[in-house]
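Let's take a tour of a protein model, one group of residues at a time. Keep the sequence and the 3D view open while you read.

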Amino acid sequence: MADLPDDLPLAGPDDVVEPVVTKLAQAPTRTRPKPGERRVQILQTLARMLEQPGAERITTAALAARLEVSEAALYRHFASKAQMFEGLIEFIESSVFTLVNQLVEREPSPSLQAQKITTVLLQFGEKNPGMVRVMVGDALVFEHERLTARMNQFFDRVESHLRQCLRAAAEAAGSSTPTVDAQALASALTALAVGRLQRYARSGFKRLPTEHLDLALQRLTA
């Protein structure tokens with residue numbers, strides 16, 4: 001998977017996360033890739049196929065044909081198609097939460113932390129449309145239920161990060177019910193993010209998830 005630079009600049013509501021931190025690492029081109037390189041190629045190809053219309057169900061036969069290898073060759077690197085999707089989910093988790101942890105460390109304002117967490121999530125989806133089909137579950141409908149459960153846990157974790165930031169913001173603002181305030185707003189921001197990712201996927205990746213995002217976040221977290 002792609003390595004993240006130590007000095008990565010953080011993205012604000014108007015910024016864009018650099019593509020280098022949101023793409024699967026390109027495996028070097030060679031006639032016979034090493035095992036690790038072939039795994040990356042398989043995941044890259046699966047992600048690209050998910051960007052195509054009607055890609056909710058991708059067979060291993062179609063994936064093998066795109067790679068110009070046999071299905072047996074795929075199974076030398078992944079025990080099942082579910083394991084391939086797990087590889088994509090691992091990349092999503094690693095990419096998003098590495099950025100989230102960095103911005104929380106660098107941004108002193110809890111309210112801005114919440115805005116930036118939401119922004120990072122949506123920018124990641126915008127730069128990885130194939131991954132969005134995994135994130136919103138469209139690509140997992142016919143797959144093992146543990147994959148859907150894992151993506152649900154991903155968004156629960158995002159909401160937990162938001163809740164922590166927003167509780168601190170509510171306390172700083174003198175709220176008498178900071179926990180309740182934080183829970184309500186974290187839920188709303190998570191729903192906003194999921195809804196925008198779903199719209200992005202179902203519009204054929206035409207309606208960008210970051211469209212007018214800065215204003216929406218400012219109003220919600222004011």
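## Rings around Tyr-200

Tyr-200 is buried, with a relative accessible area of 4% (buried means under 20%, exposed over 50%, partly exposed in between, using a 1.4 Å probe and protein chains only). Phe-205 is buried too, at 15%. Together, Tyr-200 and Phe-205 make an edge-to-face aromatic pair, 5.1 Å centre to centre with 70° between the planes. Rings of Phe, Tyr and Trp (its six-membered ring) pair if their centres lie within 6.5 Å; planes under 30 degrees apart are stacked, over 60 edge-to-face, and the rest tilted.

## About the model

This is a predicted model, where local features need pLDDT of at least 70 and side-chain atom pairs pLDDT 80 or more, while totals for chains, interfaces and linings use all residues. Numbering starts from 1 along each chain as its sequence is written, and side-chain values use heavy atoms, leaving out hydrogens and water.

## Phe-154 and its company

Which rings join Phe-154 in a cluster? Ring pairs link it with Phe-97 and Phe-155. Phe-154 also touches Ile-92, Glu-93 and Met-135, among others, not counting residues up to four places away in sequence (contact means heavy atoms within 4.5 Å).

Arg-157 lies over the face of Phe-97, 3.8 Å from the ring centre, and Arg-39 does likewise over Phe-78, at 4.2 Å. For this, CZ of Arg or NZ of Lys must be within 6 Å of the ring centre and within 35 degrees of the ring normal.
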